[in-house]
Amino acid sequence: MSADPQAKDYRAMLHAAVRREETFLQLTASGQMRSGTPQWQKVTVRPVVVRAARRMQFTYFDGKKAITKNYANGDSHAALDDVLTAPFSNFHLQATTGDLHVRLSKKGKALISRGKPSRRQSHPELGHNRTKQHPLPVGQPDTFLWTTGITDRAGNVRPSMRGKFRQVNTFLEHFWHALPTAEDPERPLNIIDYGCGSAYLTFAAYYYSSHVQGRPTQVVGVDSDTEIIAKCRRLQESLQWEDLEFHESRIADFQPETQPDVVLSLHACDTATDEAIAQGIHLQGNVILAAPCCQHELHDQVQHPDFQAVLRHGILKQRTADILTDAFRALVLRIMGYKTDVVEFVSPEHTSRNLLIRAVKIQAPGDSTAAQEYVRLKQFWSVTPYLEELLGDVLAPHLAIA
């Protein structure tokens, strides 16, 4: 990292802001410079009180675990120096008076910007075991949440929108955790949401990445419904978010101008989820997040003589087909080089469509173990998933050698 006067200035600026006890809330260091790799994926710093004494709490994340250390004043200055001189590319300081964003260019140039407070707190919260902070906290006035009808002007969640509020926050936690490291902090993060529908989560992804985290972000929502796209455009215009746009198009027909970093498919109906995943693979998206909705494609195919006790009941057959559909999708993503897991999106009490397929590109296609599992599962149930048809020659060579 450059040691020029400007670099010293931003470090001194962050040091000074952290020492302002009456206003400092949290500092987050993340991202990676070309000059090196930080020991930690992310570090957060916040004030706490432990045994009646004020301390600075450092939490170090490596992607699998978090290590928390509480430092007294002298030690905290040295620990902060270690964080600020590590090859992180992004620093986000939150204070009661406003946010400070520092992004470092490829050459180590500090790009500094300020914004309104993303946490509307009148004073720091010093509890050692703090209540979990949601990406978009409850009870705080927020233009985005109010404009989309999730809260009132005072920040109170509307009773009919509590499920949507939880869904938005849970999605943002998965979304932000899965994002690729910003190798070039000046290049915008490019996101496509296929089958965006009313686009609550599309708007949320843009708002959280761009306005809360301060990361340059461009988002495109795609849907074939003319009325829905018109509604989304009106909302986008009212918010005046220029880097968010919507297109009326079938998923298979839409070709983005820029290769996406992230491909979303959030409750797109039936085989639209397969089409979105296929597009994400074809476009070599680094991250694919898919929350399947209703799906019927395998319902009429699935069969096995030993499972007639299950398959003769319509609801059990449908649930079996649903599980198999998502299992095949996850396996295809693994075959194509993605680290993939299927997690609970939100509690089943809020929606029955509560699974999220989370895939991050980590290697070249050709996971032979996943290919063998795929072929055996396909043969066992006598099915041909639609996603396999969509990928055609891209997937076929990997299945042929399984």
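These legends walk through several close-up views of a predicted model. Local features are taken where pLDDT is at least 70 and side-chain atom pairs at pLDDT 80 or more, while totals for chains, interfaces and linings use all residues. Residues are numbered from 1 along each chain as its sequence is written, and side-chain values use heavy atoms, with hydrogens and water left out.

**View 1. Tyr10 meets Phe91.**
A search of the whole structure turns up 18 aromatic pairs. Rings of Phe, Tyr and Trp (its six-membered ring) pair if their centres lie within 6.5 Å; planes under 30 degrees apart are stacked, over 60 edge-to-face, and the rest tilted. Here the ring centres of Tyr10 and Phe91 are 6.0 Å apart with planes at 40°, so this pair is tilted. Tyr10 belongs to helix 1 (residues 5-19) and Phe91 to strand 5 (residues 90-95), 81 residues apart. Helices (H or I, at least four residues) and strands (E, at least two) are DSSP runs, numbered from the N terminus. Tyr10 is buried at 0% relative accessible area, and Phe91 is buried at 2%. (Buried is under 20% relative accessible area, exposed over 50%, partly exposed in between, using a 1.4 Å probe and protein chains only.)

**View 2. Phe328 and Tyr374 sit edge-to-face.**
Their centres are 5.2 Å apart, with 75° between the planes. Phe328 comes from helix 9 (residues 314-335) and Tyr374 from helix 10 (residues 368-381), so the pair ties together parts 46 residues apart in sequence. Both Phe328 and Tyr374 are buried.

**View 3. A nonpolar core with Phe171 in it.**
A nonpolar core is a set of buried Ala, Val, Leu, Ile, Met, Phe, Trp, Tyr and Cys residues joined through side-chain atoms within 4.5 Å. The largest one has 42 residues, and Leu136, Phe171, Phe175 and Phe203 have the most contacts inside it. Among the elements giving two or more residues are helix 4 (162-178) and strand 8 (189-194). Helix 5 gives the most, with 8 residues. Leaving aside residues up to four places away in sequence, Phe171 touches Leu201, Ala205, Leu264, Leu266, Leu289 and Phe345; a contact is heavy atoms within 4.5 Å.

**View 4. An open sheet and the helices on it.**
Seen strand by strand, the 7 strands run in the order 10-9-8-11-12-14-13, with mixed pairing. Two strands pair if DSSP finds at least two bridges between them. Strand 10 and strand 13 (338-344) are the edges, each pairing on one side only. Strand 13 pairs with strand 14 (residues 355-361) in the antiparallel sense over 7 bridges, and Val342 stands opposite Ile357 in strand 14. Helix 5 lies across strand 8, strand 9 (217-223), strand 10 and strand 11, at about 175° to strand 9. Helix 9 also packs on the sheet, touching strand 12, strand 13 and strand 14, with its direction at about 155° to that of strand 13. (Axes are lines fitted to C-alpha atoms, for helices over the stretch in contact; angles run from 0 to 180 degrees between N-to-C directions.)

**View 5. Two loop residues with positive phi: Gln284 and Ser382.**
Gln284 isn't a glycine, yet its phi is about 60°. Its loop lies between helix 7 (272-282) and strand 12, and at 55% relative accessibility Gln284 is exposed. Ser382, also not a glycine, has a phi of about 55°. Ser382 is in the loop between helix 10 and helix 11 (386-391), and is partly exposed at 44% relative accessible area.
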